[in-house]
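Grab a pencil and work through these exercises with the structure open beside you. Try each task before you read its solution.

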Amino acid sequence: MEYRARSDEAWYGARVVVQDRWLRVMFENSTENADEWYNPGADFASLGDVEALRARFRRECPPLDHARCGDLRPGDKLCLACDIHGDVEELKYYDAVLETVSPPCLVLLSAFVNTRICFGN
């Protein structure tokens, strides 16, 4: 499953455990310092609080690759890896909406900023 982190709103692989009466979100390939903790007694005072946490989880989003390029249509929702700091070891994953597709598969996306991606032939 994936979880949208509070720290940067990016999606990461994660798992959840209950530890010492706290709900702990543990990120894959991260240190314990990155984990997010929730106190059920204080953090979930209303059904809205529970729903807000629930909305931070989703099934794993498959990566976009060349094979899917021909199937893309404006309005499609995508999850893209962004190399924010020039370090491919530290990719962040964000949601985007496809705006346009132009041959040979130049794609314009709306995410935090308009981004163009191009797939080779």
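**Exercise 1. Find the residues that make up the aromatic cluster, then take one pair apart.**

Step 1. Tyr3, Tyr12, Phe27 and Phe57 form one aromatic cluster. Rings of Phe, Tyr and Trp (its six-membered ring) pair if their centres lie within 6.5 Å; planes under 30 degrees apart are stacked, over 60 edge-to-face, and the rest tilted.

Before going on, a note on the model: it's predicted, so local features need pLDDT of at least 70 and side-chain atom pairs count only at pLDDT 80 or more, while totals for chains, interfaces and linings use all residues. Residues are numbered from 1 along each chain as its sequence is written, and side-chain values use heavy atoms, with hydrogens and water left out.

Step 2. Count the aromatic pairs: you should get four. One of them joins Tyr3 and Phe27, whose ring centres are 5.7 Å apart with 55 degrees between the planes, so call it tilted.

Step 3. Now place the two rings. Tyr3 belongs to strand S1 (residues 2-4) and Phe27 to strand S3 (residues 22-27), so this pair ties together parts that are 24 residues apart in sequence. Strands are DSSP runs of E with at least two residues, helices are runs of H or I with at least four, and both are numbered from the N terminus.

Step 4. Check the cover. Buried means under 20% relative accessible area, exposed over 50%, and partly exposed in between (1.4 Å probe, protein chains only). Tyr3 has 0%, so it's buried, and Phe27 is buried too because its value is 9%.

**Exercise 2. Classify the ring pair of Tyr38 and Phe44.**

Step 1. The ring centres of Tyr38 and Phe44 are 5.8 Å apart and the planes make 20 degrees, so you've got a stacked pair.

Step 2. Tyr38 is buried, because its relative accessibility is 5%.

**Exercise 3. Describe the surroundings of Ala81.**

Step 1. Look for Ala81 in strand S6 (residues 77-82).

Step 2. Is Ala81 buried or partly exposed? Its relative accessibility is 43%, so Ala81 is partly exposed.

Step 3. List its contacts (heavy atoms within 4.5 Å). Leaving out residues up to four places away in sequence, Ala81 touches Leu91, Lys92 and Tyr93.

Step 4. Compare sequence with space: Ala81 and Asp95 are 14 residues apart in sequence, and their C-alpha atoms are 9.1 Å apart.

**Exercise 4. Sum up the whole protein.**

Step 1. Count two helices and nine strands. Along the sequence, they follow the pattern β-β-β-β-α-α-β-β-β-β-β.

Step 2. Of the 121 residues, 29% count as buried.
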